[in-house]
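Trainee: Could you take one part of this model and go through it slowly with me? I'd like to start from a single residue and work outwards.

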Amino acid sequence: MSKSRRFQDAEALLLKAKRKEVEQEWNEAFQTYVRAAQAFFQIVQGGTGSGGGSGGGNGTIANSVVGAGADESGERAKAKANGSLAIERAQKLKSAYPEMITKPSRDYFASTEQSAVLAASSHVNGVHYPQWRDDIVCENAEDRRLFRDPNAPPLDPSTDEWVEIAQTSLRNSPMVDFQMLPFDLVQSIVSNCSVVTSIIVCWNHILLHRSKLLLSNLLPHDHERLPTKSSDHRYRYKMMINGCFRDVCLYHASPTLDIQADKVLDRLVRVVWYQRMAWSPDICLNIAIDDRLPLRSGQLMSVAALRGSSLWPSLVEKAYMKYSGGYDFAGSDSGVDLRALIGWIPDHHSLQSATFERERTWREMLDAFRKGDVLVTLGTGSTVSSLNPEIRLIPLHSYACIGLEDDEDRTVTIVNPWREQEQEPAIENRIHSLTLNNLEADPSRGKWLLSWDDVCRTFDSLYLNWNPNIFPYTLTHHRAWNPQEKHDHSPTQNHQIRVIFEKDPGTTQVWALLSRHIVDHDAPAVYIALHAFEEDGNGVSFSRPESLTLMGQYQEGPHCLVKLTPGTETKRLSLIASLSVPDGVTAPAQVAYTLTVYSKVPISFDASVPPALIKQHVTFQFNTLHSGGNILQPTHFQNPQWQLKVLEPTLKKGPTGPVALRSRGVRVRFHAIAPKDLPLNIKVYRTSGRRMNDVEDGVLAFDSGMYNYGLAYGQTDLFPGSYIIILSNFVVTQYGGGTLEMSSEARLELQKSPAEGAGMHFKSCRGRWDGPSAAGGPSFHRYWHNPVFELKLERNTEVALKLQMLDIKQGTPYIPINLAIFKRDTVDGEQIEKEVATSGPYRESLYGVRVRPCRIPAGLYFVVASTYSPGTQGSFEILLWSDSLLALKSLE
């Protein structure tokens, strides 16, 4: 019997493990036995070891069909025996030498791990959807009995029934009718407008670009990949489900793996899913959807055509309804539907968002639409108001876009899938393809022409689905969160995946799509987010000046797309996939996901094990005292701060004297985590060790960049010295708490920096420069006409003061201001004012100016707040901290 390459590789691992055991290298032998067991059981379960499969469905787990050869079944039997032997030896080594055996590290990029995630996600609502295989024949040549799908989408037995096509209006319809136009397709009584919209835009693409969207995924088909009628009424559909293309037709019914061996391997390797799968592809039955159609009270429930007709839209719709749990459809969006139906990249835009880029989106969308690289659909919100009385929009409804023209109005042709299903007169000389010129408005048939500006004002959502083939390089990674595991320092689940650019990315975009696997359509909602951070060639994070924006927002939908244009210094991307389970919702055991990265330059995953670092955790809280907002807010430095001290490196003796063990700074990684609705940013300043109150108090050493919801992350090299860490929210009123984790190569000193004026008495006074009181600086000779405040000290007191402008509007120029303390003395019978303390030269600052803490003897003093130029009007506030009680009042 010839051995497969995979079996030979597994045997080689087993022989190596035996050799290491003879050499008494117990830990190495144990680790190798575990890897051998994994390899053998992968053969037993029939996996190819591919971790891909999302882009074009090429990555599959090879499943055997009925009638597999004796050689293959014999190899599986031997693989099962060898796997059991490897488990037994590993368990004995672990029991005999527990102090020498280390826990096996888990390689999440291993083929077994990738295959395990896909296999564990193969059941949706109790129906099994194995990975797609092109070699399975749809029709059963040996069994010509009429086929009936045992897993057909459920119907309400009191009102609905399955009927033969011969009993419907489609009885004489061909499988494909190229004379049918996109706006001929209409939605039935089922609330699946997004599905029908998806079918419309795909059919429009077929006619415009002579493509095979949807059609080539429906089997059986002919040599042109066009679907044909099945002789036994059996059909299959190739659908993107949970990380790869899957078969909506087939299911498996066979014995599982040996349970005892399975449990032992689970304890050793801790790969829960791979060894606990409740299916095995030893027997593969060709069970498919049939061609019966649903009827409700005598009315066809499936998509239909007003003129001309085809069977394929109803079959595609039925396949999707089967996956979605039935015709009692809860609703979706067309971006999600098209991702499942054809695998194109979903890209959702909120048209009413302040961050929506209308002009840029139009240019990119128009160019791609002409090339056939994007499908466009629209959605309305809960309230609608049409700009045209002939156009009646439906709330929470989906619309298809079948034409874009770059004319003066930038015309968009829109189709409403919900119309009366009345038979229209036949038209002679039906066209076989569409051009943009023949798309004229016809509101009675649900076809409208709107300008792009009107579309942006009228609709709520824009759904773009991009052809993944526009990116020549694709990476796919499958993994799972474990929400039920206890994480003392994290309210969310976060997984970091790093991507390496194998050549300079230039100015091309890189897209990353996070897709949550769905195994139960009725499960409570969970939230996902994808965060992206740029790193240089040394793995140091950096941000660009324009990065004061928000990203990584959590969403309830199954897909989250991030688009990045890497900078010239970018060599790596650090992607963090996050999961948040709402309060009050029981966390599922596992939530699987697929991360797909699309690029126009070669990329690869960094699968290397990160070095062990020393970790420190501190908690933080944004509240009324410690919440300052982003760096454009005057209160920014009221955010939580920590003092960080990086010690000098250890020295060792060298041939010419002491030599530092590190030639660079200490690698430090920062990771802040908070609830999903709280955006975070981390900044680190090189300082003298004092609390930061102004950007001029230190030199910026690290910035985590864009504010990310629920997370801030980055790593850098810090040289010996004192630093201040500032963790900020985006808006002052965003309250909440979380944890800051700092990991470093060496032990660092970290302690909380007390708030400004902590432990001291506090007073404040407000005033205004207006008219005569806007007297300017001393050089204008009216200095004492400025607002003056009396400060009375009963004893020697340490004081600190701050002068802050009020009502500062973003974008307006800052005003040079100054705060000074004077004491009046009598010299030669004349009163003079002697300056005791000052904030320094007149300075423009968003964050105010300060008189540093100083000790002043008991007495009567005067505090003067002034602007540099006379006539400058505005309001201000003086904040005063002291270590004893005092009196401060205005002399106006």
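What does glutamate 405 count as, at 27% relative accessibility?

Mentor: Keep in mind that this is a predicted model. Glutamate 405 counts as partly exposed, because its 27% relative accessibility lies between the cut-offs, under 20% for buried and over 50% for exposed. You'll find glutamate 405 in the loop that links strand 15 (398-404) to strand 16 (411-415). Follow the chain on to serine 451 and you've covered 46 residues in sequence, yet the two C-alpha atoms are 9.4 Å apart in space.

Stay in that loop for a moment, since arginine 410 sits between strand 15 and strand 16 too. Arginine 410 isn't a glycine, but its phi is positive, at about 55°. Its relative accessibility is 14%, so arginine 410 counts as buried.

Now for some other backbone spots to click on. Leucine 214, again not a glycine, has a positive phi of about 70°. Its place is the loop between helix 5 (193-209) and strand 5, and at 1% relative accessibility it counts as buried. Then look at the peptide bond from leucine 219 to proline 220: it's cis, with omega near 5°. Proline 220 itself belongs to the loop between strand 5 (218-219) and strand 6 (236-241). Glutamine 24, which follows helix 1, also has a positive phi, near 60°.

While you're there, try a quick check on helix 1. Its 18 residues (5-22) should span 26 Å at 1.5 Å a residue, and the end C-alpha atoms are 26 Å apart, which agrees. Among the buried residues of helix 1 are Phe7, Leu14 and Glu21.

Next, a sheet. Four strands form an open sheet in the order 19-26-21-24, with antiparallel pairing. Strand 19 (473-481) and strand 24 (559-564) are the edges, each pairing on one side only. On average, neighbouring strands here are turned by 15° against each other, direction ignored. Strand 21 (residues 510-516) pairs with strand 24 over six bridges, and leucine 513 has leucine 561 of strand 24 as its bridge partner. Helix 4 (residues 111-120) packs on this sheet, where it touches strand 19 and strand 26 (591-599), and its direction makes about 70° with that of strand 19.

Last, the confidence. The chain has a mean pLDDT of 82, with 83% of its residues at 70 or more. Residues 47-70 are below 50, and that stretch has 68 contacts in the model beyond near neighbours in sequence. Residues 250-287 are below 50 as well, with 112 such contacts.

Definitions and conventions:
Residues numbered from 1 in each chain as written. Predicted model: local features only at pLDDT ≥ 70, side-chain atom pairs only at ≥ 80, totals over all residues. Heavy atoms only, no water. Helix = DSSP H or I, 4+ residues; strand = E, 2+ residues; numbered from the N terminus. Expected span 1.5 Å × (residues − 1). Buried < 20%, exposed > 50% of the residue type's maximum accessible area, 1.4 Å probe, protein only. pLDDT = per-residue confidence, 0-100. Contact = heavy atoms within 4.5 Å. Pairing = 2+ DSSP bridges. Axes fitted to C-alpha atoms, helices over the stretch in contact; angles between N-to-C directions.
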